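User: I am new to this structure and should like to understand the terms used to describe it. Please explain how each label is justified.

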Amino acid sequence: MTSKKTLMGLLLGLILIAVAVFAFLNKGDNTANNTSSASSEPIRIGSKDFTENLVVAEIYALALEDKGYMVERVPNISGSLIHNSLISDEIDLYPEYTGTGLLSILKAEMQTDPDKVYETVKNQYKEQFQVTWLDYAAANDGQGLVIRTAVAEELGIKTISDLQEHATELRFASQGEFDQREDGIPGLEKTYGTFAWKSSKVYDNSLKYSVLENDEADVTPAYTTEGQLVNTDKFTLLEDDKQFWPPYNLAPVVRDATLEVNPAIAEILNAISAQLDTETVTALNAKVDVDGEEYTDVAKAYYDSLKTK
């Protein structure tokens with residue numbers, strides 16, 4: 001009897017140890033696979049209502065989900081409303097542009113140094129809105145001027161200074177307001193001199209690349225990461241050699257309250273920003289706007305490619 005009781009006791013002890021070890025290992029697995037937030041609430045990721053912002057916001061979402069966070073997507077918010085959505089606690093973060101923060105939100109004076117612009121928006125957003133700018137990407141979606149490549153090569157035009165010298169030989173495709181805006185022709189002329197175009201006509205923004213391609217005009221305003229710019233045999237983005245326009249570098253802006261509860265998301269999103277340069281973002285935009293792919297598919301393919309590096 002004594003030996004049976006001893007054997008039963010040993011077996012019971014081994015079972016209890018096995019259960020404890022299994023519970024410990026299972027807890028460790030869950031921790032490793034779930035770097036999730038201390039909060040049980042999903043992180044609400046907003047995006048503006050254009051291709052690039054939708055793609056980048058989706059990449060943010062995939063990166064956070066991959067680390068175990070719950071995410072709620074809030075896409076297609078008007079650019080005029082998204083900042084208020086953030087500070088009124090309707091979303092937790094979204095991709096913003098340093099130049100937009102400087103000029104449109106803070107109404108601050110024009111600056112052209114990327115680091116100084118970033119420091120200004122970072123400090124002022126923290127002070128005024130309790131919002132943090134995480135690291136900014138090299139990707140710069142700023143204002144620019146595009147010329148037909150054939151014309152650029154014929155006349156030797158590489159910079160906006162070159163363009164100004166040859167303006168009398170060139171047809172300008174405007175979008176109307178660009179001729180009046182301070183960050184359009186009036187401001188450009190203060191920096192570069194008068195643009196005495198051979199002709200200037202107003203076209204709808206959506207038609208500008210077809211207008212150039214059909215040889216109806218030679219030059220048009222554009223943004224520096226537009227997908228059509230991958231076609232360098234057709235279109236050449238001119239260098240802003242006198243740095244008239246401010247930088248519009250991409251960065252996640254996050255409510256401080258969200259970061260306090262989920263501090264690890266800063267490192268995750270900063271790792272994404274470190275990979276996004278202007279060429280990469282232009283190529284992602286092209287897959288949607290030129291090739292017709294869904295932005296969610298483009299974002300997933302890109303994020304998956306990062307995991308194999």
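**Reasons behind the labels**

Analyst: In this predicted model, Glu294 is placed in the loop between helix 12 (278-289) and helix 13 (295-307). Glu294 also belongs to a surface patch of negative charge, together with Asp291, Glu293 and Asp297.

User: What makes the group of Asp291, Glu293, Glu294 and Asp297 a patch of negative charge?

Analyst: Asp and Glu count as negative, and like charges are joined into a patch within 9 Å when the residues have over 30% relative accessible area and no salt bridge. Asp291, Glu293, Glu294 and Asp297 gather in such a patch on the surface.

User: Why is the contact between Arg73 and Glu58 called a salt bridge?

Analyst: The N to O distance between the side chains of Arg73 and Glu58 is 2.8 Å. The limit for a salt bridge is 4 Å, so the contact between Arg73 and Glu58 carries that name. Arg73 is in strand 2 (residues 71-77) and Glu58 in helix 2 (residues 51-66), so that the pair links distant parts of the chain, 15 residues apart.

User: Which of the terms buried, partly exposed and exposed applies to Arg73, and which to Glu58?

Analyst: Buried means under 20% relative accessible area, exposed means over 50%, and partly exposed lies in between. Arg73, at 36%, is therefore partly exposed. Glu58 has a relative accessible area of 9% and is therefore buried.

User: How do you know that Lys126 and Asp256 form a salt bridge, and what parts of the chain does the pair tie together?

Analyst: The side chains of Lys126 and Asp256 meet at 3.4 Å, N to O, which is to be set against the limit of 4 Å. Lys126 lies in helix 5 (residues 114-129) and Asp256 in helix 10 (residues 256-261), so the salt bridge ties together parts 130 residues apart in sequence. Lys126 is partly exposed because its relative accessibility is 42%, whereas Asp256, at 12%, counts as buried.

User: Where do the partners Arg148 and Asp215 lie, and why is Arg148 called buried?

Analyst: Arg148 is in strand 5 (residues 143-148), and Asp215 is in the loop between helix 9 (208-213) and strand 8 (219-223), 67 residues apart. Their side chains meet in a salt bridge of 3.0 Å, N to O. Arg148 is called buried because its relative accessibility is 17%, under the 20% limit. Asp215, at 39%, counts as partly exposed.

User: How many salt bridges does the structure hold, and which residues are linked in a network?

Analyst: The structure holds 20 salt bridges. Arg44, Asp89, Asp92 and Arg255 are linked in a network of salt bridges.

User: Why is the aromatic pair of Tyr125 and Phe129 called edge-to-face?

Analyst: The structure holds 9 aromatic pairs. In the pair of Tyr125 and Phe129, the ring centres are 5.2 Å apart and the planes form an angle of 80°. Rings pair if their centres lie within 6.5 Å, and planes over 60 degrees apart count as edge-to-face, so both labels follow for Tyr125 and Phe129. These two residues are 4 residues apart in helix 5, which means a separation of about one helical turn. Tyr125 also forms an edge-to-face pair with Trp133, at 5.3 Å centre to centre and 80° between the planes. Both Tyr125 and Phe129 are buried, and so is Trp133.

Note on methods. Residues numbered from 1 in each chain as written. Predicted model: local features only at pLDDT ≥ 70, side-chain atom pairs only at ≥ 80, totals over all residues. Heavy atoms only, no water. Patch = residues over 30% accessible without salt bridge, like charges linked within 9 Å, V, L, I, M, F, W, Y side chains within 5 Å. Areas by Shrake-Rupley, 256 points an atom, 1.4 Å probe, with all protein chains shown as cover. Charge placed at Lys NZ, Arg CZ, Asp CG, Glu CD. Buried < 20%, exposed > 50% of the residue type's maximum accessible area, 1.4 Å probe, protein only. Phe/Tyr/Trp six-rings, centres within 6.5 Å; stacked < 30°, edge-to-face > 60°.
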